[in-house]
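This briefing introduces a protein to a reader who has not met it before. Please view the sequence and the structure below, then read the notes that follow.

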Amino acid sequence: MINYGVLVAAAKQIGMGDLPQALPSQEVMESSESFLRSMQKVLLDTNVVEGTLTCSECHTFYVIANGVVDMMHPQKNVKQQTEQNTTAANDSDDASDNANEEDEDVDGDMNAFLDDHDSKQRHNDEHTNQDMVDID
C-alpha cells in the first residue's frame, strides 16, 4: 500500500506536479489515461541516484548512493545531531569517556529506533488509511 498524500508530496519535490491532490475514485483511476500515465511516471520511471530519504514521522534520514538506499545505517535527525554536538562540545574534557558512551548510545539509539519503528508499523497496519493505493 502507498500513502497517496506522501506520494504526491514526494512527486512535487522532484518536479512532478501532475498528480491530482486528492485520490480519485477507483473508476477514474482505472479509466483515466492521464492519471495512469502520471502514476507510471512517478512509480516506475523515476530513479533517485544520489540524495537522502527522510522519514516523515521520526525525521531519521537514509543516504541514497548509486541508486541504493542504505537502510542498514539510519542517520539521526538534524535536531538530535545538533543536541549531541552541543553536549559533546561542553564535555570535551571527558573525550575518552564520551567515545565509549557514544558507542553505547548508538546501540541504544538503534534499538530504540527499531522498537519505535516496529510499534508504529503495527499501529499503521491496524489503522489503514483510506488514502492508500494498492499497487499489486
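**A nonpolar surface patch**

Leu53, Val69 and Met71 make a nonpolar surface patch of about 250 Å². The model is predicted: local features need pLDDT of at least 70, side-chain atom pairs count only at pLDDT 80 or more, and totals for chains, interfaces and linings use all residues. Residues are numbered from 1 along each chain as its sequence is written, and side-chain values use heavy atoms, with hydrogens and water left out.

**Patch residues**
- Patches are made of residues with over 30% relative accessible area and no salt bridge (a side-chain nitrogen of Lys or Arg within 4 Å of a carboxyl oxygen of Asp or Glu).
- In such patches, like charges are joined within 9 Å and nonpolar side chains (Val, Leu, Ile, Met, Phe, Trp, Tyr) within 5 Å.
- Val69 lies in strand S4 (residues 68-69); strands (E, at least two residues) and helices (H or I, at least four) are DSSP runs, numbered from the N terminus.
- Val69 has a relative accessible area of 32% and is therefore partly exposed, between buried (under 20%) and exposed (over 50%), with a 1.4 Å probe and protein chains only.

**The S2 and S3 hairpin**
- Strands S2 (residues 51-54) and S3 (residues 61-65) pair in the antiparallel sense over four bridges, where pairing requires at least two DSSP bridges.
- Leu53 has Tyr62 as its bridge partner in S3.
- Six residues separate the strands of this hairpin, in which His59 takes a positive phi near 65°.

**The whole protein**
- The protein has five helices and five strands, in the sequence pattern β-α-α-α-β-β-β-α-α-β.
- Of its 136 residues, 16% count as buried.

Conventions: Accessible areas come from the Shrake-Rupley method with a 1.4 Å probe; for residues, only the protein chains shown count as cover.
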